[in-house]
Amino acid sequence: WLAFEKVKLYTNAFIVEEGRILLGYKKRGFGKDLYNGFGGKVEPQETPLEAAVREMQEEAGITAPLKKCGTLFFVCEDIDHAFHIDIFVADEYTGAIIETDEMRPGWFSTSQGAPSSELPPIPYSRMWADDVFWMPMLLAGKPFIGRADFVQDGTMQKWWFAEV
Ligand code: 6OG
């Protein structure tokens, strides 16, 4: 496992409803050109839940009754801090989904390979390499935890994920 010196708190949040999941195409910053949930850094005065709700509003324009469903820990060789990411999910939301400077939201089918769905399948090949390991647990409503270490070229070198 890679060593790290500091840890920073982040959030990542998803809407999952009626056989579909809302992902955002990241237009800038860390994880640019990848699909992900909505989220970012937890500010010093807020709880992870408060940060998750705020980031969902800022990046997708919607308000959701988010619930924590997982905890992830990432270490990147070229970044001096490790990422502790609380993962949240909601099965409803209010407001209208909007594209922002940071994210282009889109719906994807949660039933992999269902030919009847008009939505595209979850685009794992254009997501962080860890996502395929824990996304099935998120979709199944099972709480999860895990760690992944990424080397300089972005390859996931070592990982461990489990239901809790
Ligand atoms: P901002 O830079 O937008 O926050 N994030 C990761 N998500 C996954 N699935 N895998 C990773 O492996 C990640 N590293 C960071 C946390 C960054 C957003 O990206 C997530 C935040 O939601 C390394 O403020």
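**View 1. The shell around the ligand mixes eight nonpolar, five polar and five charged residues.** Ala, Val, Leu, Ile, Met, Phe, Trp, Tyr, Cys and Pro count as nonpolar, Asp, Glu, Lys and Arg as charged, and the others, Gly among them, as polar. This is a predicted model, in which local features need pLDDT of at least 70, side-chain atom pairs count only at pLDDT 80 or more, and totals for chains, interfaces and linings use all residues. Residues are numbered from 1 along each chain as its sequence is written, and side-chain values use heavy atoms, without hydrogens and water. Of the 18 residues around the ligand, Thr11, Lys26, Asn36, Asp130 and Asp131 come nearest (a shell residue has a heavy atom within 4 Å of the molecule).

**View 2. Acidic side chains meet the ligand in polar contacts (N or O pairs within 3.5 Å).** Asp131 places a polar side-chain atom 2.7 Å from a ligand nitrogen. For Asp130, the distance to a ligand nitrogen is 2.9 Å. Glu102 has a side-chain N or O atom 3.2 Å from a ligand oxygen. The protein buries 92% of the 530 Å² that the ligand exposes when taken alone (Shrake-Rupley method, 1.4 Å probe).

**View 3. Strand E1 (6–17), strand E5 (81–90) and helix H2 (131–139) each give two or more residues to the ligand shell.** E1 supplies the largest share, three residues. Elements are DSSP runs numbered from the N terminus: helices (H or I) have at least four residues, strands (E) at least two.

**View 4. Two helices and eight strands make up the secondary structure elements of the protein chain.** Their order along the sequence is β-β-β-α-β-β-β-α-β-β. The C-alpha trace spans about 45 × 40 × 30 Å along its principal axes.

Technical notes
Polar contact = N/O pair within 3.5 Å; in protein donor to acceptor, adjacent residues only side chain to side chain.
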